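Please open the model in a viewer and keep the sequence panel visible. The tour below proceeds by selections, each followed by a description of what is found there.

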Amino acid sequence: QVHLVESGGGLVQAGGSLSLSCTRSGSLFHIVAMGWYRQAPGGERELVATVTSGQSTNYGDSVKGRFTISRDSGLNTVYLQMNSLKPEDTAVYYCNIRGYDTPKSWGDYWGQGTQVTVSS
């Protein structure tokens, strides 16, 4: 069983920076991608950024140029560096890992979420 534990959320003023990290315990047969999603109050969960096992990255339009996703070489931890934060970045940020639990079964795992609040 895979578990994800996020850390690094908190309160920051607009224009500031925060770093999030998410550490995996448990193993998968093959990890396809690791990433971050967020959900604001009353909103739907949306993509923030993903990074594949091959190091390809993808960002949501609203965070491009401000946020940077990275991971360690062992695919144990995924990071999100958030710069130039805006009040509209306020949300619960969720870590996600997806891949194959076995050669034939897909796994999609979520962390418990960490609150990021940006004050104006």
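**First stop: a charged pair on strands E9 and E10**

Select Arg-98, which is partly exposed at a relative accessible area of 24%; here buried means under 20% relative accessible area, exposed over 50%, and partly exposed in between, with a 1.4 Å probe and protein chains only. Add Asp-108, which is likewise partly exposed, with a relative accessible area of 37%. Asp-108 forms a salt bridge with Arg-98, and their closest N and O atoms are 3.6 Å apart. A salt bridge is a side-chain nitrogen of Lys or Arg within 4 Å of a carboxyl oxygen of Asp or Glu. This pair links distant parts of the chain, ten residues apart: Asp-108 belongs to strand E10 (residues 105–110) and Arg-98 to strand E9. Strands (E, at least two residues) and helices (H or I, at least four) are DSSP runs, numbered from the N terminus.

Before continuing, please note that this is a predicted model, in which local features need pLDDT of at least 70 and side-chain atom pairs count only at pLDDT 80 or more, while totals for chains, interfaces and linings use all residues. Residues are numbered from 1 along each chain as its sequence is written, and side-chain values use heavy atoms, with hydrogens and water left out.

**Second stop: further salt bridges**

How many salt bridges does a search of the whole structure find? The search finds five. Side chains of opposite charge can pair when their charged atoms come close.

Select Arg-38 and Glu-46, whose side chains meet in a salt bridge at 2.6 Å, N to O. Arg-38 counts as buried at 5% relative accessibility, whereas Glu-46 counts as partly exposed at 35%.

Next select Asp-89 and Arg-66, where the side chains meet in a salt bridge of 2.7 Å, N to O. Asp-89 lies in the loop between E8 and E9 and Arg-66 in the loop between E6 and E7, so this pair ties together parts that are 23 residues apart in sequence. Is Asp-89 buried or exposed? Asp-89 is buried, with a relative accessible area of 1%. Arg-66 also counts as buried, at 11% relative accessibility.

**Third stop: the nonpolar core**

Select Trp-36, Leu-80, Met-82 and Tyr-93, the residues with the most contacts inside the largest nonpolar core, which has 29 residues. The elements that give two or more residues to this core include strand E3 (18–25), strand E4 (30–39), strand E8 (77–82) and strand E11 (114–119). Strand E9 gives the most to this core, with four residues. A nonpolar core is a set of buried Ala, Val, Leu, Ile, Met, Phe, Trp, Tyr and Cys residues joined through side-chain atoms within 4.5 Å.

Now centre the view on Met-82. Leaving aside its neighbours within four places in sequence, Met-82 is in contact with residues including Leu-18, Leu-20, Phe-67, Tyr-93 and Val-116. Contact means heavy atoms within 4.5 Å.

**Fourth stop: strands E4, E5 and E6**

Display the backbone of E4 and E5, which run antiparallel and are joined by six bridges. Two strands pair if DSSP finds at least two bridges between them. Tyr-37 stands opposite Leu-47 in E5. In the hairpin of these strands, with six residues between them, Gly-42 takes a positive phi near 75°.

Continue from E5 to strand E6 (residues 57–59): three bridges join the two, which run antiparallel. Ala-49 stands opposite Tyr-59 in E6. The hairpin of E5 and E6 has four residues between the strands.

**Fifth stop: two loop residues**

Which residue in the hairpin of E5 and E6 takes a positive phi near 80°? The residue to select is Gln-55, which is not a glycine. Gln-55 is partly exposed, with a relative accessible area of 47%.

Then select Ser-84, in the loop between E8 and E9. Ser-84 has a positive phi of about 50° although it is not a glycine, and is partly exposed at a relative accessible area of 42%.

**Last stop: a surface patch**

Finally, select Phe-29, Tyr-100 and Trp-106, which form a nonpolar patch on the surface with about 350 Å² of accessible area together. Accessible areas come from the Shrake-Rupley method with a 1.4 Å probe; for residues, only the protein chains shown count as cover. Patches are made of residues with over 30% relative accessible area and no salt bridge, with like charges joined within 9 Å and nonpolar side chains (Val, Leu, Ile, Met, Phe, Trp, Tyr) within 5 Å. Tyr-100 lies in strand E9 and is partly exposed, with a relative accessible area of 33%.
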